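User: I would like to go through this structure step by step. Please keep the answers short.

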Amino acid sequence: METEEGKEEWGSSSGVEETLTVFQGRQNASRIHSIAALTLWLGAIHFVVALVLTALLFLPFSLALTVFGLLLVFMVIPIDEKSKYGRKLSRYICKHACGYFPVTLYVEDIKAFDPNRAYVFGYEPHSVLPIGVVALADLTGFLPLPKIKVLASNAVFYTPFLRHIWTWLGLSPATKKNFTSLLASGYSCIIVPGGVQEPCLMEHGCEVAFLKSRKGFVRIAIEMGRPLVPVFCFGQSHIYKWWRPGGNLYLQFSRAIKFTPIFFWGIFGKTISPLPYRQPMHVVVGRPIEVKKNLHPTVEEVIEVHGQFVEALSDLFEKHKARVGYADLQLKIL
């Protein structure tokens, strides 16, 4: 992984200078590699949609059935998440994706992270796609944590081709059983608390974090005794332009299918291109919030720790927004 690492001094509210560890993906000399990596990573959905539309509109019935049969096979065929070729492909994606935007990672206290512990990272915002999580992936190699998984909607793992690429990249279904199992196995887990509902609430001109009612990840962190870590990505909301319908029916439909149908486009305009704009992204990682392990936490305990996380995320946003060029940006926590 080609990265640039550095230390940066900054002042805290107490007036004491603190050190911020900075990692930056180097901008790639080859635009071809960047485009190839982003297309492999993000283009599977578009490819499947194009394939389905082609089969429905242009192919004879027998060939269309064959296409749908193959797609069904790719929906259920087992995936070897440790595939040598799959992981090699994922390293290629991580390397060139970070340099495309580029992505910069800021860690407030990198020494607070123990390679032998597992953490629960609460990542915001979701935006159209939470692409900035690539900065935290194990294959990117920025964080000193050897075992990391990104939890994603179950819909991802029933989408042909997409499920293969994203599994090799370190994504895993965001179910309670899987979440607790990964933490118990020593994996740090990255979760977007707002989930599929958050894109339904996005607004142009400000950031939205759907957090107030999202306490499940906090409860699991307490039950497993794993520290919570606030993470915010600046710039991610600008890598795609988007439009979505409004109303409760759209919101209910999105929750039912565990996916947000949204019209978005990137550098090639409204061709529904998977390639995002080359907008720098800044991922800021706060300090771990230690939690006391309790297999049966009370509602009050969960609310207290959840409040600490929300406050820490808000403070992280306000503390760093001017540094990365978003001094006037506002965060709405819903």
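Analyst: Let us begin with a term. Buried means under 20% relative accessible area, exposed means over 50%, and partly exposed lies in between. The model is predicted.

User: What average pLDDT does the protein chain have?

Analyst: pLDDT is the predictor's confidence in each residue, from 0 to 100. In this chain, 93% of the residues score at least 70. One stretch, residues 9–17, stays under 50. The chain average is 89.

User: Which residues of helix 7 are buried?

Analyst: Helix 7 covers residues 216–224 and is mostly covered, with 7 of its 9 residues buried. They pack against several elements, among them strand 4, helix 6 and helix 9. The buried residues are F217, V218, I220, A221, I222, E223 and M224.

User: Which residue just after helix 7 takes a positive phi?

Analyst: Helix 7 spans residues 216–224. Just after the helix, phi turns positive, at about 70°. The residue is G225.

User: Leaving aside its neighbours within four places in sequence, which residues is K293 in contact with?

Analyst: K293 sits in the loop between strand 12 and helix 9. Its relative accessible area is 55%, so K293 is exposed. Three of its partners, I222, E223 and M224, are among the buried residues of helix 7. The full list of contacts is I222, E223, M224 and G225.

User: How far apart in space are K293 and E198, C-alpha to C-alpha?

Analyst: In sequence, K293 and E198 are 95 residues apart. In space, their C-alpha to C-alpha distance is 29 Å.

User: Which element gives the largest share of the nonpolar patch?

Analyst: The patch lies on the surface and is formed by V49, L53, L56, L57, F58, F61, L65 and F68, with about 890 Å² of accessible area together. Two elements give two or more residues to the patch: helix 2 (44–57) and helix 3 (61–76). The largest share, 4 residues, comes from helix 2.

User: Is F61 buried or exposed?

Analyst: F61 is found in helix 3. Exposed means over 50% relative accessible area. F61 has 66% relative accessibility, so F61 counts as exposed.

User: How many salt bridges does a search of the whole structure find?

Analyst: Side chains of opposite charge can pair when their charged atoms come close. One of these pairs is E81 with K149, at 3.4 Å, N to O. The search finds a total of 7.

User: In the pair of E81 and K149, which residue is buried?

Analyst: The side chains of E81 and K149 meet in a salt bridge. The pair links distant parts of the chain, 68 residues apart, with E81 in a loop and K149 in strand 5. E81 has a relative accessible area of 35%, so E81 is partly exposed. At 8%, the buried residue is K149.

User: Which residues are joined into one network by salt bridges that share partners?

Analyst: R287 and E108 meet in a salt bridge of 2.8 Å, N to O. This pair links parts of the chain that are 179 residues apart. K319 and E108 also meet in a salt bridge, at 3.4 Å. Through shared partners, the network joins E108, R287 and K319.

User: Why does E108 count as buried?

Analyst: Buried means under 20% relative accessible area. R287, one partner, is partly exposed at 29%. K319, another partner, counts as partly exposed at 40%. E108 counts as buried because its relative accessibility is 5%.

How values were computed: Residues numbered from 1 in each chain as written. Predicted model: local features only at pLDDT ≥ 70, side-chain atom pairs only at ≥ 80, totals over all residues. Heavy atoms only, no water. Contact = heavy atoms within 4.5 Å. Patch = residues over 30% accessible without salt bridge, like charges linked within 9 Å, V, L, I, M, F, W, Y side chains within 5 Å. Areas by Shrake-Rupley, 256 points an atom, 1.4 Å probe, with all protein chains shown as cover. Salt bridge = Lys/Arg side-chain N within 4 Å of Asp/Glu carboxyl O. Buried < 20%, exposed > 50% of the residue type's maximum accessible area, 1.4 Å probe, protein only.
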